[in-house]
Amino acid sequence: MYTGLLHLHSSLRYVVLILLIIAVVKAWMNWQGNKDFTAGDKKIYLFTFIASHIQLLIGLVLYFVSPIVDQVYTDFGAAMKNQVLRFWGVEHFVGMLLAIILITVGYSSSKKVADAIAKHKKIAIFYTIGLIIILVSIPWPFSSVARPWF
Ligand code: HEM
């Protein structure tokens with residue numbers, strides 16, 4: 001189960017990233033261009049929100065079955081002094097959780113305002129910060145805690 005989930009989680013990052021990038025570009029263009037809130041906008045903002053939540057659920061399951069995270073909790077103090085263990089035990093988890101909370105706040109607060117421009121603005125700001133945090137919390141092959149592209 002662990003290996004299958006890890007592959008799923010790894011591939012799903014691209015779905016989340018592509019949706020998030022499209023949503024962010026659209027939201028900024030709609031906000032700056034004073035555009036109406038269309039059914040298409042609603043769809044892309046919602047699908048991004050859903051994809052990030054599915055990724056969160058898989059991440060949470062992984063957190064409990066991962067042998068690396070298991071190692072972290074065997075000796076938490078020592079693990080915090082190890083860059084790789086600290087990344088998997090704390091940094092990846094906290095960074096991604098924060099990003100998904102921001103996406104959630106952006107999506108739900110955009111639903112509460114009636115004005116189209118205010119909706120786009122909320123999505124633009126919250127999703128952009130979420131995107132940046134996700135980009136820096138991914139263990140890219142070129143980062144210090146390197147993992148493969150897929
Ligand atoms: C948008 C959100 C997220 C993205 C894009 C993301 C991305 C990734 C990537 C690319 C990997 C490496 C996969 C591989 O080695 O093949 C990974 C692993 C992992 N992620 Fe996430 N992740 C996200 C959210 C989360 C969250 C919220 C948690 C925890 C609650 C989490 C927990 C983990 C764990 C435990 C591993 C595996 C560590 C191991 O045993 O090797 N992830 N994630």
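Which residue forms a salt bridge with Asp-41, and how far apart are the closest N and O atoms? It's Lys-26, with those atoms 3.1 Å apart. Keep in mind that this is a predicted model. Below is a quick tour of the charged pairs, one buried arginine without a partner, and the nonpolar cores.

**Salt bridges**
- The structure has two of them.
- The Asp-41 to Lys-26 pair ties together distant parts of the chain, with Asp-41 sitting in helix H2 and Lys-26 in helix H1, 15 residues apart.
- Asp-41 counts as buried because its relative accessibility is just 2%, while Lys-26 is partly exposed at 32%.
- Glu-91 pairs up with Arg-86, and here the closest N and O atoms are 3.0 Å apart.
- Both ends of that pair are partly exposed: Glu-91 has 37% relative accessibility, and Arg-86 has 27%.

**A buried arginine**
- Arg-13, in helix H1 (residues 2-32), is buried but makes no salt bridge.
- Its nearest side chain of opposite charge is Glu-91, a full 15 Å away.
- Beyond its sequence neighbours up to four places away, Arg-13 touches Gln-55, Ile-138, Trp-140, Pro-148, Trp-149 and Phe-150.

**Nonpolar cores**
- The largest core holds 30 residues, and Tyr-45, Tyr-127 and Ile-134 have the most contacts inside it.
- H1, H2 (39-65), H5 (83-112) and H6 (116-137) each chip in at least two residues, with H1 giving the largest share, eleven.
- Setting aside neighbours within four places in sequence, Ile-134 contacts Val-16, Leu-17, Leu-20, Met-96, Ala-99 and Ile-103.
- Apart from this core there's another, of seven residues, including Val-72, Ala-79, Phe-87 and Val-145.

Note on methods
Residues numbered from 1 in each chain as written. Predicted model: local features only at pLDDT ≥ 70, side-chain atom pairs only at ≥ 80, totals over all residues. Heavy atoms only, no water. Helix = DSSP H or I, 4+ residues; strand = E, 2+ residues; numbered from the N terminus. Buried < 20%, exposed > 50% of the residue type's maximum accessible area, 1.4 Å probe, protein only. Lys, Arg positive; Asp, Glu negative; His and termini not counted. Salt bridge = Lys/Arg side-chain N within 4 Å of Asp/Glu carboxyl O. Contact = heavy atoms within 4.5 Å. Core = buried A, V, L, I, M, F, W, Y, C linked by side-chain atoms within 4.5 Å.
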